[in-house]
Amino acid sequence: MWLVIKIMSLEIIEVNGLATVQDPGRVGWRKFGVPTSGAMDAFALHTTNLLVGNDPSCAAIEIGLGDIALRALRDCVISVAGVGFGLSVYIWDFPLWSSYYVRGGWTIRLTKLDSGMWAYLAISGGVLSKPVLGSRSTYLRGPFGGLDGRQLQAGDVLRSGTPSRPLTSLAARTLPAEVRPFYSDNPTLDVIMGPQEKYFTEESTAKFVSQEFVVSPTSDRMGYRLEGVPLTHRNKTELISEGMTMGAIQVPSNGQPIIMMADSPTTGGYPKIGTVVSADLPLLAQCAPGKSRIRFRKTTVAKAQKKYRELMSGLERMVEE
Amino acid sequence: MQTKPRIVPLGDSSLLVQFGEEINPAVNQRVHALASLLEAPPFKGMTETVPAYAALLVQYDPLLISFTRVRSFLREKISQAGETASRRPKQVQVPVRYGGEFGVDLESVACHLQLQADDIIRLHTQRTYTVYMMGFTPGFPYMGTLDDALFMPRLETPRLHVPAGTVAIAGSQTGIYPIVSPGGWQLIGWTPLQLFDPHSEAPFLFSPGDEVRFIEEK
């Protein structure tokens with residue numbers, strides 16, 4: 001009989017926010033009605049994985065809304081990427097978007113600040129949990145993925161995989177600010193209009209790009225609800241359901257847009273006035289409900305794809321200190 | 001003569017192939033025909049597809065392929081796709097206990113339609129339905145088309161908890177709730193079949209395009 005040793009790496013001491021295990025998402029099951037889930041800010045997850053030497057497909061801890069404190073159960077390298085949190089390791093305060101060597105026994109603390117929304121704590125080797133439908137992402141409504149489909153709580157112990165390189169070579173890596181998305185409390189988001197732009201009055205499509213929307217406090221991982229001057233449908237307020245994606249902006253009969261986020265349903269029957277471009281989804285994800293104000297700006301598919309390629313190529317500028 | 005589908009972008013990493021604007025079996029067949037053609041094999045950069053009543057969502061990675069290249073590839077595939085899916089649909093018989101605690105709305109549906117409960121059961125079991133699409137919750141099959149005599153509006157106030165396995169109708173459609181969830185459809189019966197098990201080798205009982213018959217269990 002072989003003795004199988006599971007490596008316990010991180011223990012949750014305290015959680016005040018919404019902490020879940022997330023990877024890039026569940027791919028290939030949307031035709032069966034399974035939402036993709038995964039990180040709300042995919043760029044931050046991608047980056048935090050690269051900083052600790054992980055494949056971008058690895059799982060990390062997504063923390064939103066409040067604080068979290070963890071204890072390292074053995075030496076490891078961690079990094080935190082995202083917006084709206086302060087990081088302290090042992091007795092030091094550290095900036096986000098960098099990797100740090102953590103000794104077994106040290107406490108890692110993430111404290112929620114005023115702006116921003118989500119941070120991603122990666123550990124060298126990646127957070128391990130049983131994959132469900134090919135992904136470790138937590139889908140709370142399922143409930144499945146992550147730790148039994150639930151949010152993390154005090155006392156949970158997380159396992160991690162084998163680091164890709166010796167720990168000392170993974171610490172002190174950083175992604176310079178100039179190649180990160182330009183996060184803001186009040187961002188302007190590029191939108192590709194349609195496919196149901198014509199369902200709205202001309203006055204409303206003009207208003208859509210000229211007015212400011214508040215991100216409603218009722219927003220969650222499923223969708224960000226916006227509040228503004230209501231948009232007016234020409235006649236029909238519903239269509240027969242069709243597939244949709246993260247970033248798609250549905251407008252129900254009350255005229256207040258809802259932007260589909262990571263846990264959104266796979267199909268929907270409200271007209272979609274447009275879709276937020278991939279490169280700007282991180283900016284949207286990091287908007288604080290009840291506080292952030294956003295604006296939309298029209299763009300084209302070709303420009304949006306170029307902008308996304310440029311954003312992702314910035315990851316090559318990761319610096320080893 | 002079938003109409004040419006519209007290909008429209010949905011953001012920078014998805015597009016919709018729209019075959020029509022109504023719930024219609026022939027239109028839905030064309031959606032599934034294209035979906036099965038794209039599965040074997042997928043094009044480089046394709047992420048996944050989501051078939052619905054009259055439109056196929058195709059998701060792709062914009063780092064690997066551009067919108068214009070996906071669009072011209074799809075135009076070619078659409079011209080090759082037939083009227084029906086190359087894959088023969090799976091046929092599933094679903095045993096159902098109608099009425100009582102298993103289908104709390106059966107009596108009120110019968111009353112509203114000025115029929116007997118037995119007529120509802122007879123009309124519901126006499127047709128073969130197609131899984132037009134899946135959505136709402138993991139594993140929820142939207143099936144049709146119901147006999148016109150069974151046309152019922154949705155509940156005015158959706159229920160917060162509909163048990164897993166509940167068979168329901170709304171408009172021209174019938175469905176089964178795979179997991180406990182809120183629901184606004186009229187509940188007429190219950191099946192012991194498990195529609196969704198995320199930990200199983202075959203997590204879903206149904207796939208889009210499958211054919212379904214309901215069998216009354218007494």
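Hi everyone. Let me start with one pair of residues: B:Leu16 has B:Leu57, in β4 of chain B, as its bridge partner. Before I go on, please keep in mind that this is a predicted model.

That pair belongs to the contact of β2(B) with β4(B), two strands that run antiparallel and are joined by five bridges. Step back a little and you find an open sheet of four strands in chain B, in the order β1-β2-β4-β3, with antiparallel pairing. Which strands stand at the edges? They are β1 and β3 of chain B; each has a single partner strand, so one side of each lacks a neighbour in the sheet. On average, neighbouring strands here are turned by 20° against each other, if we ignore direction.

Now look at what lies on that sheet. Helix α1(B) packs on it and touches β2, β3 and β4 of chain B, and the helix direction makes about 160° with that of β3(B).

Helix α1(B) has another partner as well. Its axis, for residues 25-39, comes within 10 Å of the axis of helix α2(B), residues 67-80, and the two cross at roughly 115°. The crossing of α1(B) past α2(B) is right-handed. From α1(B), the contact uses B:Leu34, B:Leu37 and B:Leu38, while α2(B) brings B:Lys77, B:Ile78 and B:Gln80. By class, that gives four nonpolar residues, one polar and one charged.

Let me stay with B:Ile78 for a moment, in helix α2 of chain B. Is B:Ile78 buried, exposed or partly exposed? With 18 other C-beta atoms within 10 Å, B:Ile78 is partly exposed. Setting aside neighbours within four places in sequence, the contacts of B:Ile78 are B:Pro5 and B:Leu34. There is also a link back towards the sheet: B:Val17 is 61 residues from B:Ile78 in sequence, yet their C-alpha atoms are 9.4 Å apart.

Further along chain B we reach strand β6(B), residues 129-134. This strand is mostly covered, with six of its six residues buried. β6(B) pairs with two strands that I'd like to show you. With β13(B), residues 211-216, the pairing is antiparallel over two bridges, and here B:Tyr129 is matched with B:Val212. With β7(B), residues 141-144, the pairing is again antiparallel, this time over four bridges, and B:Met134 is matched with B:Pro141. The hairpin of β6(B) and β7(B) has six residues between the strands, and B:Phe136 takes a positive phi there, near 70°.

On to how the chains meet. How many residues does each chain put into the contact? Chain B puts in 39 residues and chain A 35. On the chain B side, at least two residues come from each of β1, β2, β3, β4 and β6. The strand that gives the most is β3(B), with five residues. Sorted by class, the side of chain B that touches chain A holds 24 nonpolar, eleven polar and four charged residues.

Finally, chain A itself. It has four helices and 23 strands. Its C-alpha atoms fill a box of roughly 65 × 45 × 35 Å along the principal axes. For those of you who like a sanity check, a compact globule of 321 residues would have a radius of gyration near 20 Å, and chain A agrees, at 20 Å. Of those 321 residues, 52% count as buried. If we take contacts in chain A with a separation of 6 or more, 78% are between residues 24 or more positions apart.

Why do we call helix α1 of chain A, residues 42-51, largely enclosed? Ten of its ten residues are buried, so the rest of the structure largely encloses it. Among them are A:Phe43, A:His46 and A:Asn49. After α1(A) comes A:Gly53, with a positive phi near 80°.

The last stop is a barrel in chain A. Seven strands close it, in the order β14-β21-β18-β19-β16-β15-β22, and the pairing is mixed. Neighbouring strands in this sheet are turned by 40° against each other on average, direction ignored. To zoom in on one pair, β18(A), residues 248-250, and β19(A), residues 258-260, run antiparallel and are joined by two bridges. Within that pair, A:Gln250 stands opposite A:Ile258.

That's my tour, and thanks for listening!

Note on methods:
Residues numbered from 1 in each chain as written. Chains lettered and ligands numbered in written order. Predicted model: local features only at pLDDT ≥ 70, side-chain atom pairs only at ≥ 80, totals over all residues. Axes fitted to C-alpha atoms, helices over the stretch in contact; angles between N-to-C directions. Left-handed = near helix turned anticlockwise from the far one by under 90°. Contact = placed C-beta atoms within 7 Å. Nonpolar A, V, L, I, M, F, W, Y, C, P; charged D, E, K, R; others polar. Buried ≥ 20, exposed ≤ 12 C-beta atoms within 10 Å, placed from the backbone. Pairing = 2+ DSSP bridges. Rg over C-alpha atoms; globule rule 2.2 N^0.38 Å.
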